[in-house]
Amino acid sequence: MTKLKTAVLISGRGSNMEALIQACAQPDYPAEIVLVLANVPDAVGIEHAKAAGVPVAVIPHRNYDTRDAFDSAVDARLREAQADLVCLAGFMRILTEPFVRKWQGRLINIHPSLLPSFKGTEVHEQAIDAGVRISGCTVHYVTPELDSGLAIAQAAVPVHADDNAERLAERVLLAEHKLYPLALRLIAEGRVQLYNGRVIYNQVAAPESTMFNPTD
Ligand code: GRF
């Protein structure tokens, strides 16, 4: 089986990266991690990636005078690794428009809300302040505008009456760890792709059931 060569970009804890590494360790999984790239030298995820035996590159953004220079260095390293797809996983740098355009359709991100609700940071605070009863997470194509690309896959996660941002974040994160490997599998198997500004699905199942929250 030819596996989709995948790079993962991180800035911190890297738990989504770990979920992707674990998925890729399964013999029948259609993607492989060719590179983990961090822009923060002491990102915790770097050690996990090394322990898993995955190639790691550290490109500190502070070493570059401009965003363009940093993005060019990242681009060069991704090409050197022959990455077909780039997964942002808690990558806390905004990428420049030329970089995003170059990788458009091959650059995806996970965001801990049901986009287009609650973009940016402090997402779970936003969800709790808005009083929504269902939140979730979204894997989406990256476009130059932050958290605005088309959704590939979403998971709905109930907000409990006594939630604070931390508890909600924990519950959403569990869903993220399932959703990201699922989305990567669908892409690697050619069952989802970006075509003419739409996300096209082929042989993808969808549930019939509705989630209610609260229930009686
Ligand atoms: C996740 O909640 C992800 O959705 C968001 O940043 C967080 C990264 O967590 N983009 P981790 O580094 O994957 O543990």
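Trainee: Where does the ligand sit in this structure?

Mentor: Good place to start! This is a predicted model, and in it the ligand sits in the largest pocket. Two elements give two or more residues to the shell around the ligand: helix α1 (15–24) and strand β5 (107–111).

Trainee: Which residues surround the ligand?

Mentor: Click through them in the viewer as I name them. Arg13, Gly14, Ser15 and Asn16 are part of the surroundings, and so are Gly90, Ile110, His111, Pro112 and Glu176. Sorted by class, this shell holds 5 polar, 2 nonpolar and 2 charged residues.

Trainee: How do I read a polar contact, and which backbone atoms lie at an oxygen atom of the ligand?

Mentor: The general idea is to look for a pair of N or O atoms within 3.5 Å. Here, a polar backbone atom of Gly14 is 2.8 Å from an oxygen atom of the ligand. For Asn16, a backbone N or O atom is 2.9 Å from an oxygen atom of the ligand.

Trainee: What about a nitrogen atom of the ligand?

Mentor: A nitrogen atom of the ligand lies 3.0 Å from a polar backbone atom of Ile110. You can also ask about surface: the ligand taken alone exposes 370 Å², and 83% of that is buried by the protein.

Trainee: Let's try single residues. Is Asp163 buried or exposed?

Mentor: The idea is to compare its relative accessible area with a cut-off, and buried means under 20%. Asp163 has 11% relative accessibility, so it counts as buried. You will find Asp163 in the loop between β7 (151–158) and α6 (165–188).

Trainee: Which residues does the side chain of Asp163 meet through polar atoms?

Mentor: Two partners are worth showing on screen. A polar atom of the Asp163 side chain lies 2.9 Å from the backbone nitrogen of His160. The side chains of Asp163 and Arg171 are joined by a polar contact of 2.7 Å.

Trainee: And where is Asp71?

Mentor: Asp71 belongs to helix α3 (residues 67–80). Its relative accessible area is 3%, so Asp71 is buried. Now try a distance along the chain and in space: Asp71 and Asn39 are 32 residues apart along the chain, while their C-alpha atoms are separated by 10 Å.

Trainee: Next, peptide bonds. Which bonds to a proline are cis here?

Mentor: The angle to read is omega. The bond from Leu115 to Pro116 is cis, with omega near 15°. Another cis bond joins Asn213 and Pro214, with omega about 5°.

Trainee: Where are those two prolines, Pro116 and Pro214?

Mentor: Pro116 is in the loop between β5 and α5 (123–130). Pro214 is in the segment after β9 (198–201).

Trainee: One more angle, phi. Which residues other than glycine have a positive value?

Mentor: Let's take two examples. Glu122 has phi near 50°, a positive value in a residue other than glycine. Asp147 is not a glycine either, and its phi is positive at about 55°.

Trainee: Where does each one lie, and is it buried or exposed?

Mentor: Glu122 is in the loop between β5 and α5. Its relative accessible area is 55%, so Glu122 is exposed. Asp147 lies in the loop between β6 (134–141) and β7. With 9% relative accessibility, Asp147 counts as buried.

Key:
Residues numbered from 1 in each chain as written. Predicted model: local features only at pLDDT ≥ 70, side-chain atom pairs only at ≥ 80, totals over all residues. Heavy atoms only, no water. Near = heavy atom within 4 Å. Polar contact = N/O pair within 3.5 Å; in protein donor to acceptor, adjacent residues only side chain to side chain. Areas by Shrake-Rupley, 256 points an atom, 1.4 Å probe, with all protein chains shown as cover. 1 Å grid on protein atoms, 1.4 Å probe; cavity = no way out; pocket = protein on both sides within 12 Å on 5 of 7 lines; lining within 4 Å. Sits in = over half its atoms within 2 Å of the grid points. Helix = DSSP H or I, 4+ residues; strand = E, 2+ residues; numbered from the N terminus. Nonpolar A, V, L, I, M, F, W, Y, C, P; charged D, E, K, R; others polar. Buried < 20%, exposed > 50% of the residue type's maximum accessible area, 1.4 Å probe, protein only.
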